[in-house]
Amino acid sequence: MLRVTLNGQPHAAANGTILTALRAAGIAVPTLCHDARLKPIGGCRLCLVQVQGLANPVLACNTPLADGMVIATHTAEIEAQRRATLQLLAKNYPASAVAQFPDKEFHRLLRAYDVTVAPDGGNPASFRDDSHPYIRVDMAQCITCQRCIRICDEVQGQNVWELKFGGDGAAVRLRGDAATLRASACVSCGACVDTCPTGALEDKTLLTLGVPTEWRRTTCPHCGTGCEMDVGTRSGRIVAVRPVMDAPVNRGHLCVKGRYAFGFVHAPDRAREPMLRENGVWKTVSWAEAISFTAAALQRILAEHGPDSVGVLGSSRATNEENYLVQKFARVVLGTNNVDSCARVCHTPSAAAMKMTCSARASSRRCDAARG
Ligand code: SF4
Ligand code: SF4
């Protein structure tokens, strides 16, 4: 451990950057380009701190902590520089965006540093795109922190965004020739939306249904990986899903299914009760009636055609224990080894990715073997 002094108080801190030590000590320093999932770039210059003995302030996000450092985070000079930086970022910023989503990181900082946004701000020549099924793009709200570019590259590996035009005119745009986000290489993981501190990239559900008033942590229901997610609801309806940052399985990331495929929960035609189809027509029945019907049908098929005429499908949405019971039921009750799982379907995208990267559609252990 390193021994350092933070705002006059002695602290023991682990190796890392100054920012990591400050956050571990509970000292809030403003940042806009920083995201713990990404390599620091020191772009927004809000995390300036004064280190005793150095002539000029340094960036906390990319300066390594050293034993004995004496660090001040909120001197009058640094606070004035932060305010000036925020004023520059707010120069052409649309005031309506601040009013619509006051809790965005950038909007909170504008309030904290008493920076006002002119009502006629905004860049009318900026890029706006509604083509994507889940994401609204409005680059009039972009402060070029580059978090979207970096997370799409470093975490998702799609490289959808890039910085174009250079100098004072630098702006985030779609890479290459893609005219719309829908036509780009985007796979709808939502990571750029999650990290964007302004709302330039925003979930369409938040725009149409409003911001969540309650969040609950849960596990993604879509496959067996076990990614953790925060589900945001408003008036009892799911309006947003976010990845859990400290979840050991997914570490702040989700795929399109976990992130956006929650429409089924409130779908008006969702099956909520057992149903039987008679002469091509579905009718709602009780659980007892459905189970009796299924048991009778299975008994008849087993008697007429033997145990290998039936099979059982488990589910990657079920727990290990439930899948164990499924195979037990198949083997012990029905007498068949015909047991399979829906993973054959939902593993298809990952199998395709493994084929591309490892030349084998196999689990990671066999994938390693295939790579030799
Ligand atoms: S949603 Fe994911 S894949 Fe699409 S642009 Fe954003 S980070 Fe890239
Ligand atoms: S779109 Fe958002 S995340 Fe991307 S550079 Fe602009 S403000 Fe930053």
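In the predicted model, Q141 lies in the loop that connects strand 7 (135–138) to helix 5. The relative accessibility of Q141 is 6%, so the residue counts as buried, the limit for that class being under 20%. Leaving aside residues up to four places away in sequence, Q141 is in contact with Y93, P94, A97, R136, T198, G199 and A200.

The element that follows this loop, helix 5, spans residues 147–156. Its buried residues are R147, C148, I149, R150, I151 and C152. These buried residues pack against two helices and three strands, namely helix 4 (105–112), helix 6, strand 8 (161–164), strand 9 (171–174) and strand 10 (201–203). Immediately after helix 5, the backbone at G157 adopts a positive phi of about 75°.

Helix 5 also takes part in the surroundings of ligand 1. The shell around ligand 1 comprises 13 residues, and the closest of them are C152, C186, C189, G190 and C192. One of these, C152, also belongs to the buried residues of helix 5. At least two residues of this shell come from helix 5, and at least two come from helix 6 (191–195). By residue class, the shell around ligand 1 consists of nine nonpolar and four polar residues, with no charged residue. Ligand 1 occupies the second largest cavity.

Ligand 2, in turn, sits in the largest cavity. Its shell contains 14 residues, with C142, C145, Q146, C148 and C196 as the closest. Of these, C148 is likewise listed among the buried residues of helix 5. The shell around ligand 2 is made up of 10 nonpolar residues, three polar residues and one charged residue. A charged residue is thus present in the shell around ligand 2, whereas the shell around ligand 1 has none.

Positive phi values also occur at residues other than glycine. D114, for which phi is near 55°, is such a case. This residue is located in the loop between helix 4 and strand 6 (128–129). With a relative accessible area of 57%, D114 is exposed, because the threshold for that class is over 50%. N279 provides a further example, with a positive phi of about 55° in a residue that is not a glycine. The position of N279 is in the loop between strand 14 (275–278) and strand 15 (281–284). N279 has a relative accessible area of 84% and is therefore exposed by the same criterion of over 50%. The exposure of D114 and of N279 contrasts with the burial of Q141, which is likewise a loop residue.

At the level of the whole chain, the protein comprises 13 helices and 17 strands. The radius of gyration is 27 Å, well over the 21 Å that the globule rule gives for 372 residues, and the chain is therefore more spread out than a compact globule. Along the principal axes, the C-alpha atoms fill a box of roughly 90 × 50 × 40 Å. Buried residues account for 39% of the 372 residues of the protein chain. Where contacts between residues at least 6 apart in sequence are considered, 54% join residues at least 24 apart.

Technical notes: Residues numbered from 1 in each chain as written. Chains lettered and ligands numbered in written order. Predicted model: local features only at pLDDT ≥ 70, side-chain atom pairs only at ≥ 80, totals over all residues. Heavy atoms only, no water. Near = heavy atom within 4 Å. 1 Å grid on protein atoms, 1.4 Å probe; cavity = no way out; pocket = protein on both sides within 12 Å on 5 of 7 lines; lining within 4 Å. Sits in = over half its atoms within 2 Å of the grid points. Nonpolar A, V, L, I, M, F, W, Y, C, P; charged D, E, K, R; others polar. Helix = DSSP H or I, 4+ residues; strand = E, 2+ residues; numbered from the N terminus. Rg over C-alpha atoms; globule rule 2.2 N^0.38 Å. Buried < 20%, exposed > 50% of the residue type's maximum accessible area, 1.4 Å probe, protein only. Contact = heavy atoms within 4.5 Å.
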